[in-house]
Amino acid sequence: MFGGNLNRWCAEEGLRGIQMSRPGFEGGHPGAGTLAIATPWPGVTFSEHWERSGWFDDIQSFLG
């Protein structure tokens, strides 16, 4: 069930965030569905994917 996830940055007037989905699963499958994390706050930092390296490099890259 790992891999194939799609993370898309969305920004509209007054709202911005990440929409996460996993295409290819039927509605009853545990991996099916979508999730969004959004905020009205204008100063947002985001990443659409994790870095492909050591477990500790993801957060260092994001905050660096």
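## A tour that starts at F46

Start by selecting F46: at 36% relative accessibility, this residue counts as partly exposed, because that class lies between the cut-offs of 20% for buried and 50% for exposed. To place F46 in the fold, look at the loop between β3 and α1. Bear in mind as you go that the model you have open is predicted.

**Next, the patch.** Keep F46 selected and add W41 and V44: together these three residues make a nonpolar surface patch of about 310 Å².

**Then V44 by itself.** Where does V44 lie? Like F46, V44 belongs to the loop between β3 and α1. V44 is partly exposed too, with a relative accessible area of 31%. Now show its surroundings: leaving aside residues up to four places away in sequence, V44 touches W9, R16 and T39. Take R16 from that set and put a distance label on the C-alpha atoms: V44 and R16 are 28 residues apart along the chain, and the label should read 8.1 Å.

**On to the hairpin.** Select residues 6–12 for strand β1 and residues 15–21 for strand β2; these two pair in the antiparallel sense over 7 bridges. To see one end-to-end match, pick L6, whose bridge partner in β2 is S21. The hairpin has 2 residues between its strands, and G14 there takes a positive phi near 85°. While the strands are on screen, a rule of thumb may help: in a regular strand the side chains alternate between the two faces of the sheet.

**Colour by confidence.** The chain has a mean pLDDT of 82, with 73% of its residues at 70 or more. Which element has the highest confidence, and which the lowest? Strand β3 (residues 34–39) is at the top with 93, while helix α1 (residues 57–63) is at the bottom with a mean of 66. Where pLDDT is low, the predicted coordinates should not be read in detail.

**Zoom out.** With the whole chain in view, you can count 1 helix and 3 strands, following the pattern β-β-β-α along the sequence. How many of the 64 residues, as a percentage, count as buried? The share is 8%. Switch on the surface and you are looking at about 5,500 Å² of exposed area, 59% of it supplied by carbon and sulfur atoms. If you prefer a contact map, consider the contacts with a separation of 6 or more: residues 24 or more positions apart account for 28% of them.

Key:
Residues are numbered from 1 along each chain as its sequence is written. This is a predicted model: local features need pLDDT of at least 70, side-chain atom pairs count only at pLDDT 80 or more; totals for chains, interfaces and linings use all residues. Side-chain values use heavy atoms; hydrogens and water are left out. Helices (H or I, at least four residues) and strands (E, at least two) are DSSP runs, numbered from the N terminus. Buried means under 20% relative accessible area, exposed over 50%, partly exposed in between (1.4 Å probe, protein chains only). Contact means heavy atoms within 4.5 Å. Accessible areas come from the Shrake-Rupley method with a 1.4 Å probe; for residues, only the protein chains shown count as cover. pLDDT is the predictor's confidence in each residue, from 0 to 100. Patches are made of residues with over 30% relative accessible area and no salt bridge: like charges are joined within 9 Å, nonpolar side chains (Val, Leu, Ile, Met, Phe, Trp, Tyr) within 5 Å. A salt bridge is a side-chain nitrogen of Lys or Arg within 4 Å of a carboxyl oxygen of Asp or Glu. Two strands pair if DSSP finds at least two bridges between them.
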